[in-house]
Amino acid sequence: MKEKFLINGGRQLSGEIVVEASKNAYLPILAGCVLCDEKVTFLNAPEFLDIENMCAILKLLGARVRRVGAILELDMGGLKNQKISFEYTNKLRASIFLLGALLGKFRQAVISYPGGCNIGTRPIDIHISAFKSLGVKVVERHGYIFCNAQNMRAGKVVFPSVSVGATESLVMSAVLLKGKTTLYNSAREPEVVELCKFLNAMGAKIYGAGTDVIEIYGVKKLRGVEFSVQSDRIIAGTHLLLGALAGKNLKIVGAKRAENERLFDILDGCACDIFEDDEGVVISAVGRSDALKFVETLPYPNFPTDLQPQLMAFATLAKGTSVIRENLFENRFNHVMEYTKMGADILVKDRIAIVRGVEKLFGADVFATDLRAGAGLVIAGLLAEGYTTVHNVEFIDRGYERLEEKYAKLGADIKRVKD
Ligand code: UD1
């Protein structure tokens, strides 16, 4: 069923909002459960559509999955299937993470090419060439990737460029492999660190996560655990950018400077008051901010591509001209057209967006084209004068849990209706 958000913008937001657990940490961690034969319990699983889709794949593989509120129990004892078909992978790009886990566990896997957000071609050549360098035979035919890892050996992998997914997938493939595997030029994202923390809690021996060299010493078996995943830095960043524009003593529980340094650096220079403590951040807007000058997206610890659309929403209302360069994905400016409908002044040339701040945005009918673009449109709608309709809410539901209810509790006029 298609749904949309109806937003009447212009309200101040105050009160408390709690950031959910990280989607991008949960997805590889759920894939990592494949490596274990026992029961794994998660204590804080948000009801994101992407998490539900990953659980559907685990069920397809033979896992028993039970959810009671935020508690998610997986019984990994009965895994038998190693094939994931198109109707599953099409819904979730992160399904590709399962390749590493399946190869680690069964030494073979068949997976359809992954789908996901419409933000670029998103190839998987880095994953494939890394597996090949450890001895995996890979045949790509009829839209499927057939992998045979009978001759897979621990060894060295040098990633040609930084890939979060490839790093995570290779870590999973090596955990049960005899000997030491070293991954060079690994992604340093906090979600990679969280995955390794989880696998280590199950008995893996992984060192160096958070640096660009990760060492994995193979172990024979992983055991079941109880685990809670850290808060989602992209959701925290979304709320922070909204708070910097519309917040009045808005408390964001779970927002941490340590994982969002570049965003905090930007907000430190903006017209907002930020107070941090152990629980999170309290933020208030104090007028109109100056333009951002130049911001570019790059792998962690630099500014994340997953906050670029939300940052652009912020820039549309700043004083002066901001320049935003998107380096990670070649097609991640779909939201520009939608912001323009709302009165924003944005010019795109290749991977650069030049955003000339306007005094006001106006409500319009806009369409989410991917998850974070959708979040950016919600921010823009909450700031705009008049009514905004955000269509394609299913994209937003992939990584935000009932966002409209949470913002409504802060004083926003936003509701979900059938489209
Ligand atoms: C993950 C995140 C996604 C985020 C992205 C970059 C999850 C579930 N998703 O996606 O939200 O936007 O990191 O921070 O964690 N690339 C190749 N070949 C490959 C793999 C990647 O060319 O085999 C390119 C991609 O097209 C992109 C860049 O490398 O330009 C980085 O992609 P990657 O880090 O792999 O992103 P994901 O893991 O898919």
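**The ligand site and selected backbone features**

The shell around the ligand is made up of eight nonpolar, five polar and five charged residues. In this division Ala, Val, Leu, Ile, Met, Phe, Trp, Tyr, Cys and Pro count as nonpolar, Asp, Glu, Lys and Arg as charged, and the others, Gly among them, as polar. The model is predicted, and local features need pLDDT of at least 70, side-chain atom pairs count only at pLDDT 80 or more, and totals for chains, interfaces and linings use all residues. Residues are numbered from 1 along each chain as its sequence is written, and side-chain values use heavy atoms, with hydrogens and water left out.

Of the 18 residues around the ligand (a residue is near a molecule if one of its heavy atoms lies within 4 Å of it), those that come nearest are Asp 125, Ile 126, Ser 163, Asp 306 and Leu 328. The shell takes residues from both domain 1 (3-20 + 231-418) and domain 2 (23-216), so the ligand lies between the two domains. These domain bounds come from an automatic or database domain assignment.

Polar contacts were taken as pairs of N or O atoms within 3.5 Å. A polar side-chain atom of Ser 163 is 2.6 Å from an oxygen atom of the ligand, and for a polar side-chain atom of Asn 24 the distance to a ligand oxygen atom is 3.0 Å. At Ile 126 a polar backbone atom lies 2.7 Å from an oxygen atom of the ligand. The ligand taken alone exposes 740 Å², of which the protein buries 85%; accessible areas come from the Shrake-Rupley method with a 1.4 Å probe. Two elements, α5 (125-133) and α6 (164-174), give two or more residues to the shell, and α5 gives the most, with three residues. Helices (H or I, at least four residues) and strands (E, at least two) are DSSP runs, numbered from the N terminus.

An open sheet of four strands has mixed pairing and the order β2-β15-β17-β16; two strands pair if DSSP finds at least two bridges between them. β2 (13-18) and β16 (272-276) each have a single partner strand and stand at the edges, so one side of each is without a neighbour in the sheet. Strands β15 (residues 247-253) and β17 (residues 280-285) run antiparallel and are joined by four bridges. Ile 252 has Val 281 in β17 as its bridge partner.

Two backbone features remain. Most residues other than glycine have a negative phi, and most peptide bonds are trans. The peptide bond from Tyr 300 to Pro 301 is cis, with omega near 10°, and Pro 301 is in the loop between β18 (294-296) and α10 (308-316). Arg 107 has a positive phi, near 65°, and is in the loop between α4 (97-106) and β7 (108-112).

Notes:
A polar contact is a pair of N or O atoms within 3.5 Å; within protein, one must be able to donate a hydrogen and the other to accept it, and residues adjacent in sequence count only if both atoms are side-chain atoms.
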